[in-house]
There are 2 protein chains.
Amino acid sequence: MSEPKPGRPPRAVDVAAAAEVSTATVSRVFNNPEKVAPAIRERVLATAKAMGWMPHAAGSALARRRSSIVGAVIPTLDNEVFAAQVGAMQAAFAERGITLLLSCFNYDQDQAVHDVQAMLARGVEALAIVGEAHRPELFAAIRARHIPYVVTYSHRPDSPHPCVGFDNRQAFHGIARHLLDLGHETIGVIIQPTAGNDRVAARLDGVRGALAECGLAVRPQHLCEGEWSIDFGRQSVRAMLATDPAPTAVICGNDYLAIGALLEARAMGLSVPRDLSITGFDDIAISRQLDPPLTTMHIDNHEIGRRAADYLLACLEGGQPAALPPLVPTLIRRGTTAPPGLG
Amino acid sequence: MSEPKPGRPPRAVDVAAAAEVSTATVSRVFNNPEKVAPAIRERVLATAKAMGWMPHAAGSALARRRSSIVGAVIPTLDNEVFAAQVGAMQAAFAERGITLLLSCFNYDQDQAVHDVQAMLARGVEALAIVGEAHRPELFAAIRARHIPYVVTYSHRPDSPHPCVGFDNRQAFHGIARHLLDLGHETIGVIIQPTAGNDRVAARLDGVRGALAECGLAVRPQHLCEGEWSIDFGRQSVRAMLATDPAPTAVICGNDYLAIGALLEARAMGLSVPRDLSITGFDDIAISRQLDPPLTTMHIDNHEIGRRAADYLLACLEGGQPAALPPLVPTLIRRGTTAPPGLG
DNA sequence: GCCCTCGATGTAAGCGCTTACATAGATCGT
DNA sequence: ACGATCTATGTAAGCGCTTACATCGAGGGC
């Protein structure tokens with residue numbers, strides 16, 4: 001008997017009145033259709049469609065005590081690695097009627113804490129977060145809400161968090177191993193800032209570990225740490241090659257850095273890989289198109305996103321989620337690595 | 001006097017009880033702090049913090065009839081152009097306490113309609129949508145809700161929608177003009193699918209218009225339409241160069257296609273730009289790093305995202321939003337264009 | 001000293017929806 | 001033919017918050 005107020009979106013009670021049923025039936029038609037007689041169901045559906053009504057999410061969330069929202073917290077969308085992960089998560093969640101909230105913390109730990117709190121206030125039912133190097137209060141806040149979460153891009157064996165990712169240390173150990181096997185002994189590293197970034201710190205550690213096994217080390221002047229950008233790759237390799245002895249190979253923290261290194265080395269008249277071997281990490285789309293194509297580690301970012309989403313969905317559906325085995329990045333040997341000193 | 005139930009997040013009433021005030025005061029502390037005496041305000045704030053309480057968004061949205069959510073509907077995050085736009089929007093909205101909902105329709109119009117409806121059900125207060133080639137019911141649904149929206153990446157002078165973008169037709173007219181001025185007469189085009197993509201259709205139209213002004217046209221065998229990917233750029237340029245007469249210049253619908261064209265032309269032993277001029281569009285990060293660096297149109301995608309967000313925020317705050325002048329992409333003449341026949 | 005004003009706080013009525021429980025037919029076994 | 005059982009639907013009590021309105025004191029003008 002309620003009067004639908006013109007100019008405002010219709011409510012369930014308006015639809016109920018128009019279809020001559022109760023609001024309970026309207027609700028059931030949309031949430032438990034099998035509990036409603038087909039004839040009535042069709043009538044309600046038709047009425048709702050005619051009136052342009054759909055359940056109002058806030059009201060529904062309140063009554064149901066479920067928001068059907070999950071959050072993704074990433075450093076930035078400007079890196080195609082994270083963009084791909086988010087895209088895959090969004091697709092996986094959308095299939096189950098779950099909406100994705102996105103937030104970029106720009107590698108700022110305080111921002112990340114803030115973002116997570118905002119998401120919790122929004123009632124997210126689960127959370128995916130890139131990396132585990134976050135302030136303790138971030139994880140404390142999540143735990144206090146008892147919601148499932150997952151950390152992506154990290155997979156330390158002894159992490160206290162559920163992780164979807166790979167072992168960064170081991171991956172870079174493998175890269176270093178590859179260069180050592182080729183015979184390199186003077187190896188440079190161009191890498192993202194390690195401070196507050198567990199993944200990057202683990203990578204550097206992996207390189208150091210592999211070198212140490214051969215009694216080698218990274219010389220300070222052969223270690224450049226800075227923002228991941230093509231330009232930083234360029235300037236780093238230029239600086240490094242001015243030292244004596246110059247490195248015969250350089251391991252880069254991601255493909256952007258490696259691309260910069262490659263371009264600059266070529267611009268300096270060096271031949272890659274004859275004069276200098278270069279490795280990347282991530283295998284972004286452009287890498288295999290370069291000349292020579294970049295030797296790098298391939299990471300399946302869509303797979304990471306999908307697995308993270310699947311894990312969280314399993315948690316939400318109450319099931320015991322399957323264990324999360326680490327992903328294994330694969331070394332793609334392309335054209336930028338070769339034995340040293342062939343020049 | 002309410003009993004805080006253990007194991008569940010605290011509610012405003014729990015905080016009110018603990019701080020010995022009413023729920024109204026608690027609410028005011030968080031929404032209109034200036035209306036509460038400082039002493040009480042501090043006490044409530046401290047209590048809330050101690051209990052880990054923050055207003056529950058669904059309840060608040062319901063009571064306030066405002067969700068503080070806006071939606072962004074884009075084709076895909078796999079294109080750094082859209083990722084950058086979303087990143088900028090997210091940042092701009094976050095500053096005002098507004099949360100961004102994201103959805104990718106993968107260039108599928110039905111998916112876009114579905115996504116928009118889902119967002120409306122979620123109570124988004126505003127919507128940003130890439131492109132205007134959408135089903136009429138998409139815009140009808142938005143209008144029915146009377147919420148502000150904005151179309152990005154399009155800016156036809158006579159569009160019925162508020163737009164943040166540039167005139168695609170004019171932009172490609174400019175590119176073609178550039179090549180014509182250099183003396184090219186046989187010009188190929190490698191472009192994304194035009195069906196259901198107003199922006200791309202306008203681009204092709206711009207090229208055709210400029211050629212027509214000189215009594216020229218794109219030969220059918222010099223027009224390749226397909227998914228934007230480096231590989232499609234490669235195969236297209238290869239096919240095109242096998243025709244007779246072969247084009248002396250090729251205009252690409254975006255930088256990815258242009259990169260493919262450039263790489264393949266070089267792989268075929270051609271010298272760019274001596275044997276073939278190539279243009280891109282978007283000016284993605286890698287483009288200026290190529291060898292030779294790519295001549296392309298620069299689009300400021302962050303700016304588009306920011307303007308779209310600012311416009312929507314202005315609408316939400318009730319102000320008459322400023323007019324939306326078109327952005328003007330600028331042609332960046334780098335190393336892939338030159339007069340023809342210098343070989 | 002009294003009444004009025006005004007600012008600070010409390011009371012309580014929703015916001016739109018879901019769902020436990022109540023109810024009313026229908027079905028069925030005996 | 002009667003109660004037990006079931007199914008389809010309705011009734012109404014919240015979910016957690018905001019806010020119009022009521023209330024209560026403290027100041028202030030006369």
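**Close-up views of a predicted protein–DNA model**

**View 1. R28 of chain B reaches a base of DNA strand C.** In this close-up, an N or O atom in the side chain of R28(B) sits 2.9 Å from a base nitrogen of DNA strand C. Please keep in mind, here and in every view below, that the model is predicted. A63(B) also meets a base of DNA strand C, this time with a polar backbone atom, which is 3.1 Å from a base oxygen. For a contact with the backbone of the DNA, look at H56(A): one of its backbone N or O atoms lies 3.2 Å from a phosphate oxygen of DNA strand C. Which elements give two or more residues to the surface near this strand? They are α2 (23–31) and α4 (57–64) of chain A, together with α2 (23–31) and α4 (57–64) of chain B. The element that gives the most is α4(A), with five residues.

**View 2. The wider surroundings of DNA strand C.** Stepping back a little, you can find 27 residues around DNA strand C. The closest are A12(A), S27(A) and N31(A) from one chain, and T25(B) and I40(B) from the other. Of the atoms of DNA strand C that come within 4 Å of the protein, 66% belong to sugar and phosphate. How do the residues of this surface divide by class, and how many are charged? Five are charged, eight are polar and 14 are nonpolar.

**View 3. DNA strand D and the residues that come nearest to it.** We now turn to the other DNA strand. There are 27 residues around DNA strand D, and those that come nearest are T25(A), R28(A), I40(A), A12(B) and S27(B). Sugar and phosphate make up 67% of the DNA strand D atoms that come within 4 Å of the protein. By class, the surface near DNA strand D has five charged, eight polar and 14 nonpolar residues.

**View 4. Polar contacts along DNA strand D, made by R28(A), S27(B) and W53(B).** Start with R28(A), whose side chain places a polar atom 2.8 Å from a base nitrogen of DNA strand D. Then move to the phosphates: the side chain of S27(B) has an N or O atom 2.8 Å from a phosphate oxygen of this strand. W53(B) also offers a side-chain N or O atom, at 2.9 Å from a phosphate oxygen of DNA strand D. At least two residues of this surface come from each of α2 and α4 of chain A, and from each of α2 and α4 of chain B. With five residues, α4(B) gives the most to the surface near DNA strand D.

**View 5. A four-stranded open sheet in chain A.** Follow the strands across in the order β7-β6-β8-β9 (chain A), and you will find that they pair in parallel. On the edges are β7 (223–225) and β9 (277–279) of chain A, each of which pairs on one side only. From one strand to the next, the twist averages 10°. Strand β6 (residues 187–191) of chain A is joined to strand β8 (residues 249–252) of chain A by four bridges. As one pair to look for, V189(A) has I251(A) in β8(A) as its bridge partner. Helix α10 (residues 230–241) of chain A packs on this sheet, where it touches β6, β7 and β8 of chain A, and its direction makes about 155° with that of β6(A). Helix α11 (residues 255–267) of chain A lies across β6, β8 and β9 of chain A and runs at about 160° to β9(A).

**View 6. The open sheet of chain B and helices that pack on it.** Here four strands pair in parallel in the order β7-β6-β8-β9 (chain B). The edge strands of this sheet are β7 (223–225) and β9 (277–279) of chain B. Neighbouring strands are turned by 10° against each other on average, direction ignored. Strands β6 (residues 187–191) and β8 (residues 249–252) of chain B run parallel and share four bridges, and I187(B) stands opposite A249(B) in β8(B). Lying across β6, β8 and β9 of chain B is helix α8 (residues 168–182) of chain B, at about 165° to β8(B). Helix α11 (residues 255–267) of chain B also packs on the sheet and touches β6, β8 and β9 of chain B, its direction making about 160° with that of β9(B).

**View 7. The domains of chain A.** The domain assignment splits chain A into domain 1 (12–55), domain 2 (67–166 + 301–327) and domain 3 (168–298). Taken over C-alpha atoms, the centres of domain 2 and domain 3 of chain A are separated by 29 Å. Where these two domains meet, 17 residues of domain 2 of chain A are in contact with 13 residues of domain 3 of chain A.

Methods
Residues numbered from 1 in each chain as written. Chains lettered and ligands numbered in written order. Predicted model: local features only at pLDDT ≥ 70, side-chain atom pairs only at ≥ 80, totals over all residues. Heavy atoms only, no water. Near = heavy atom within 4 Å. Polar contact = N/O pair within 3.5 Å; in protein donor to acceptor, adjacent residues only side chain to side chain. Nonpolar A, V, L, I, M, F, W, Y, C, P; charged D, E, K, R; others polar. Pairing = 2+ DSSP bridges. Axes fitted to C-alpha atoms, helices over the stretch in contact; angles between N-to-C directions. Contact = heavy atoms within 4.5 Å. Domains from an automatic or database assignment.
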